[in-house]
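Thanks for sharing this one. Here are my notes, set out as numbered points so that you can go through them with the structure open beside you.

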Amino acid sequence: MATDHDRGDCSWIPIVDIKAFDITKEENEVDRKDLEKLANDVFKAFSTIGFVYVKNHGIPQDQIDNIFRLSDEFFAQPQETKDKFVRPMSDPAAIGYIPIGREYFDANKPADLKESFDAVPGSEYSQYWPNIPNFEEDVVKFHRTCAKLGLRLLKLIGMGLGLEDSEFFVKAHEKISSRASNNTAILRLLHYPPVKDGEDFLPEQTRCGEHTDYGSMTLLFQDDTGGLEVQTVNGEFKPATPIPGTVVVNIADMMQRWTADGLKSTPHRVVPSNKRKARRSVIYFIDPDRSTIVRPLDGSNKYPPISYVNYLSQRFADTGMLEGNEVINTAA
Ligand SMILES: O=C(O)CCC(=O)C(=O)O
Ligand SMILES: [Fe+2]
């Protein structure tokens, strides 16, 4: 069957091959023309559908496989073991386990059928790292690897937008791999459990409700189960089918605001297309440094300037996620 990619449908998620600028290359060995073409391709996708599949990114497949294996090992533990690592929601710099039902996008619907583990480097909450050999070390290493890819893409976005300083976004994320108190980028391991024989999803329950992400950009590694759907420019949802060897990358809300709606933060969701099978994904939510003041780069007053940390708190409050002085650090 011919796919959208075969048909060259430009309104749908394109595959961008970034081999010329993969994370193993030194920036000074990269051909300027290749870089400009990539910047143009990435910009075109992010200013229309808001999503790309990135191919030949340079993250070794065995490193990705290892993270999925550690994730499986964590979620396969008995519930009472996982419950010992429940993430304190009061601090965006915290890490830990988020059980089924703890997070929701729509209070009027049953909670999403998912559980997750949030990780950041240099967390003061080291007691929430599970007792699984190499878990903390490998997960933090993967966080840093994802940061590298994220910074490459932020550079391409800066070029694609024609910013005078093409490193502008890179500089606004320079603390991405440092302590979470400076930058809230999180690596989230996600597990969507299967429903057992004789059981089913509740009416209106899904795996991950329709939402946009909060920060600047998201990297999304999915297994081969399927279920991720992205809203098209015409408003309907279409499957973002897993493509082996690629990372799905999407623009998030803060970046849309920063670019005065030039880049699109597109609604997406995960439906139970294969509900008897578990689905796993690993998500890297990229945020600007917490103290960054975000103002529209076109010089307009489309949105008032706001510090990223205030923006994040406001978003949680708007969606009922802020309880008392609690702030939870999630995408939504
Ligand atoms: O699991 C996925 O593929 C997507 C999840 C997602 O969009 C999110 O957690 O923000
Ligand atoms: Fe998302």
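1. Let me begin with two residues of the metal site: H211 and D213 are both buried. Keep in mind throughout that this is a predicted model. These two residues coordinate the iron ion (ligand 2) together with H268, at 2.1 to 2.2 Å. The donor atoms are NE2 for each of the two histidines, H211 and H268, and OD for D213.

2. How are the donors of the iron ion (ligand 2) spaced along the chain? They follow H-x1-D-x54-H. If you want to go through the site in sequence order, H211 and D213 are the close pair and H268 is the donor after the x54 stretch.

3. Ligand 1 deserves a look next. There are 13 residues around it, and those that come nearest are Y192, H211, H268, R279 and S281. Two of these names should be familiar by now, as H211 and H268 also coordinate the iron ion (ligand 2).

4. Which side chains have polar atoms facing the oxygen atoms of ligand 1? S281 has a side-chain N or O atom 2.7 Å from an oxygen atom of ligand 1. For R279, a polar side-chain atom lies 2.9 Å from a ligand 1 oxygen. D213 has an N or O atom of its side chain 3.1 Å from an oxygen of ligand 1, and D213 is a donor to the iron ion (ligand 2) as well. As for cover, the protein takes up 98% of the 290 Å² of accessible area that ligand 1 has on its own.

5. Where does ligand 1 sit? Its place is the largest cavity. Three elements give two or more residues to the shell around ligand 1: strand 5 (186–192), strand 11 (268–270) and strand 12 (279–286). Strand 12 contributes the most, with four residues.

6. Strand 5 is worth following a little further, starting with H191, which belongs to this strand. H191 counts as buried because its relative accessible area is 13%, and the cut-off for buried is under 20%. Its side chain makes a polar contact of 2.7 Å with the side chain of E115.

7. L189 is also part of strand 5. Is L189 buried or exposed? At 1% relative accessibility, L189 is buried. Here you can also see two parts of the chain that are distant in sequence: L189 and F75 are 114 residues apart along the chain, yet their C-alpha atoms are 9.4 Å apart in space.

8. Two backbone angles may catch your eye. Most residues other than glycine have a negative phi. N56 is not a glycine, yet its phi is positive, at about 55 degrees. You will find N56 in the loop between strand 2 (51–55) and helix 2 (61–75), where it is partly exposed at 32% relative accessibility.

9. The second such residue is A260, again not a glycine, with a positive phi of about 50 degrees. A260 is in the loop between helix 6 (253–258) and strand 11. Is A260 buried or exposed? With 11% relative accessibility, A260 is buried, whereas N56 is partly exposed.

10. Around the end of helix 2 there is a small detail to check. Q77 lies in the loop that runs between helix 2 and helix 3 (79–82), and Q77 counts as buried at 18% relative accessibility. A polar atom of the Q77 side chain is 2.9 Å from the backbone oxygen of F74.

11. Q79, in helix 3, is partly exposed at 35% relative accessibility. How far apart are the C-alpha atoms of Q79 and K148? They are separated by 34 Å, with the two positions 69 residues apart along the chain counted as their sequence separation.

12. Last, a look at helix 1 (residues 32–46), which holds V42. V42 is buried, with a relative accessible area of 1%. The C-alpha atoms of V42 and I18 are 9.6 Å from each other, and the two residues are 24 apart along the chain.

Key: Residues are numbered from 1 along each chain as its sequence is written. Chains are lettered from A and ligands numbered from 1 in the order in which they are written. This is a predicted model: local features need pLDDT of at least 70, side-chain atom pairs count only at pLDDT 80 or more; totals for chains, interfaces and linings use all residues. Side-chain values use heavy atoms; hydrogens and water are left out. Donors are N, O and S atoms within 2.8 Å of the metal (3.2 Å for Na, K and Ca); water is not among the atoms, so sites may look incomplete. Buried means under 20% relative accessible area, exposed over 50%, partly exposed in between (1.4 Å probe, protein chains only). A residue is near a molecule or strand if one of its heavy atoms lies within 4 Å of it. A polar contact is a pair of N or O atoms within 3.5 Å; within protein, one must be able to donate a hydrogen and the other to accept it, and residues adjacent in sequence count only if both atoms are side-chain atoms. Accessible areas come from the Shrake-Rupley method with a 1.4 Å probe; for residues, only the protein chains shown count as cover. On a 1 Å grid over the protein atoms alone, a cavity is a set of points where a 1.4 Å probe fits but cannot get out, and a pocket is an open set with protein on both sides within 12 Å along at least five of seven lines; lining residues have an atom within 4 Å of a point. A molecule sits in a cavity or pocket if more than half of its atoms lie within 2 Å of its grid points.
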